[in-house]
Amino acid sequence: MSARHYAIVGAGVAGIEAAAAIRATDADGRITVLTDEGWPYYSRIRIGEVVDGRALPQALALRLPAWYDEQRIALRTGVRVEGIDASAGCLRLAGGEVLGYDALLVATGARPFVPPFAGADLPCVRTLRRMDDAIALRDVVPALRRAVVIGGGLLGLELAVSLAGAGLGVTVVEVADRLLPRQLDPAGGALVRELLGRRGIAFVLAATVTGLRPDGAGAVVDLADGQALPADLVLVSAGVRPVTELAAGAGAQVARGIVVDDRLATSLPGVFAAGDCAEHRGELYGIWPASGEQGKAVGRAMAGAPVTYAGTVRSATLKVSDIGVFTMGRTGDDDGAVQADRTGDDYRRLVRDAEGRLVGATLVGSLAERRAILVAMMAGKPYPA
Ligand SMILES: Cc1cc2nc3c(=O)[nH]c(=O)nc-3n(C[C@H](O)[C@H](O)[C@H](O)COP(=O)(O)OP(=O)(O)OC[C@H]3O[C@@H](n4cnc5c(N)ncnc54)[C@H](O)[C@@H]3O)c2cc1C
């Protein structure tokens, strides 16, 4: 029997972890990874460092070129997959090439969501998702003075710090009444605001953007309360949407993401999905650790190993200059008994269930306890021990 051919669309963490897991399970199969980006697998979570010059693009590569050869993974960069024919088992690539497969992984990730306000298409409006976005921003920011970041979530704050580090005056506009509304309670959000404020970043909270007006090469950002914020650059960080159209076009079931079962299989025979594009048990994770875990699991499943992926415990870490933010598990007020304390610039909030087990944690400031908390929570143990 000839070796199976595994095709993977997307060379992000889900696609590459899957390729490695396939190779670990099937020594003989042929593996092809296709990406429309011009870069081999890199740390997407670090591209903010390219914007302010802390890192060169090539320094973000996560695998040496030799690794692909050793693993016998054919990586094809700069190749866009335009269609899937699941009944024939083949892909249609840009330029007309047809590539057959025995098992296919769709690991197409997510793209930034830009709310449809007036002026969203102005040239000064940018998003940051791909290496090329970061390089383009790096090349324009030295000539700019003022930036408005729309969105005060984890990514928006990280980008605000990158832009401030590049020398711009930065204002963050957030629709909620506090920063990191998905992760932090009001006290935690207030501390983050205080710490970033000391670094010169300004905030407008509970703010609704009504539209952008052109202003020279930049724009004026209009808010519902009448404020008008002039900006040379408007960076939109208002969440992401799964890239589903490739799978949907082939007839796969798509809800908010591409629907997968506990083997990460889609509704189409021989077609799997993992990472930011996938919806598992109703969850869209949109975070690196979940995409990596799904990639590992789906690679094994594609190669025929028994796999049950039961979900990933959510955790998020923000590390900008010396300000740390870490959240894990349940962080709502109704999730259990809450213990919150602030010491100087450090804030800690722990959530415990009825048995005293740690089920949620938030740290702002020092992240010294992060590892111990992770271990306790993964093991379902009390904390402190
Ligand atoms: C600046 C930034 C900071 C972040 N920080 C964090 C963080 O601190 N912690 C965290 O957990 N997460 C963070 N994330 C989110 C994290 O990067 C994602 O969850 C993760 O990269 C998803 O991996 P993935 O493999 O599913 O998709 P992606 O990394 O998006 O990779 C998908 C790839 O598929 C390609 N592709 C799509 N369609 C096609 C097609 N038709 N043909 C060919 N190729 C295609 C895409 O171009 C892309 O290269 C951050 C994201 C960004 C942008």
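# A tour from the ligand shell to an exposed loop

Start with the ligand and the residues around it: by class, this shell holds 14 nonpolar, nine polar and seven charged residues. The model is a predicted one, which applies to every stop below.

**Stop 1: the nearest residues.** Select Asp-36, Glu-37, Arg-44, Arg-129 and Asp-276. Of the 30 residues around the ligand, these five come nearest.

**Stop 2: backbone contacts.** Next, show the backbone atoms of Ala-14, Ile-287 and Trp-288. In Ala-14, a backbone N or O atom lies 3.0 Å from an oxygen atom of the ligand. For Ile-287, the distance from a backbone N or O atom to a ligand oxygen is 3.4 Å. At Trp-288, a polar backbone atom is 2.8 Å from an oxygen atom of the ligand. Turn on the surface here: on its own the ligand has 1,000 Å² of accessible area, and the protein covers 92% of that.

**Stop 3: elements and domains around the ligand.** Which elements give two or more residues to the shell? Select helix 1 (13-25) and helix 8 (288-302) to see them. Helix 8 gives the most, with three residues. Then colour by domain, taking 5-111 together with 240-302 as domain 1 and 125-236 as domain 2. Each of these two domains supplies at least three residues to the shell around the ligand.

**Stop 4: strand 16.** Move to residues 233-236, which form strand 16. Are its faces covered or open? Both are covered: Leu-233 and Leu-235 are buried on one side, and Val-234 and Val-236 are buried on the other. In a regular strand, side chains alternate between the two faces of the sheet.

**Stop 5: the partners of strand 16.** Add strand 9 (residues 125-126), which runs parallel to strand 16 and is joined to it by two bridges. Within that pairing, Arg-126 has Leu-235 as its bridge partner. Now add strand 10 (residues 146-150), which pairs with strand 16 over four bridges, also in the parallel sense. Here Val-149 has Leu-235 as its bridge partner. Centre the view on Leu-235 to see its pairing with Arg-126 and with Val-149.

**Stop 6: Asp-121.** Finish in the loop between strand 8 (110-112) and strand 9, where Asp-121 is placed. Is Asp-121 buried or exposed? Asp-121 counts as exposed because its relative accessible area is 69%, and the cut-off for exposed is over 50%. For a last distance, select the C-alpha atoms of Asp-121 and Ala-187: the two residues are 66 apart along the chain, and these atoms are separated by 36 Å.

Technical notes
Residues numbered from 1 in each chain as written. Predicted model: local features only at pLDDT ≥ 70, side-chain atom pairs only at ≥ 80, totals over all residues. Heavy atoms only, no water. Buried < 20%, exposed > 50% of the residue type's maximum accessible area, 1.4 Å probe, protein only. Pairing = 2+ DSSP bridges. Near = heavy atom within 4 Å. Polar contact = N/O pair within 3.5 Å; in protein donor to acceptor, adjacent residues only side chain to side chain. Areas by Shrake-Rupley, 256 points an atom, 1.4 Å probe, with all protein chains shown as cover. Nonpolar A, V, L, I, M, F, W, Y, C, P; charged D, E, K, R; others polar. Domains from an automatic or database assignment.
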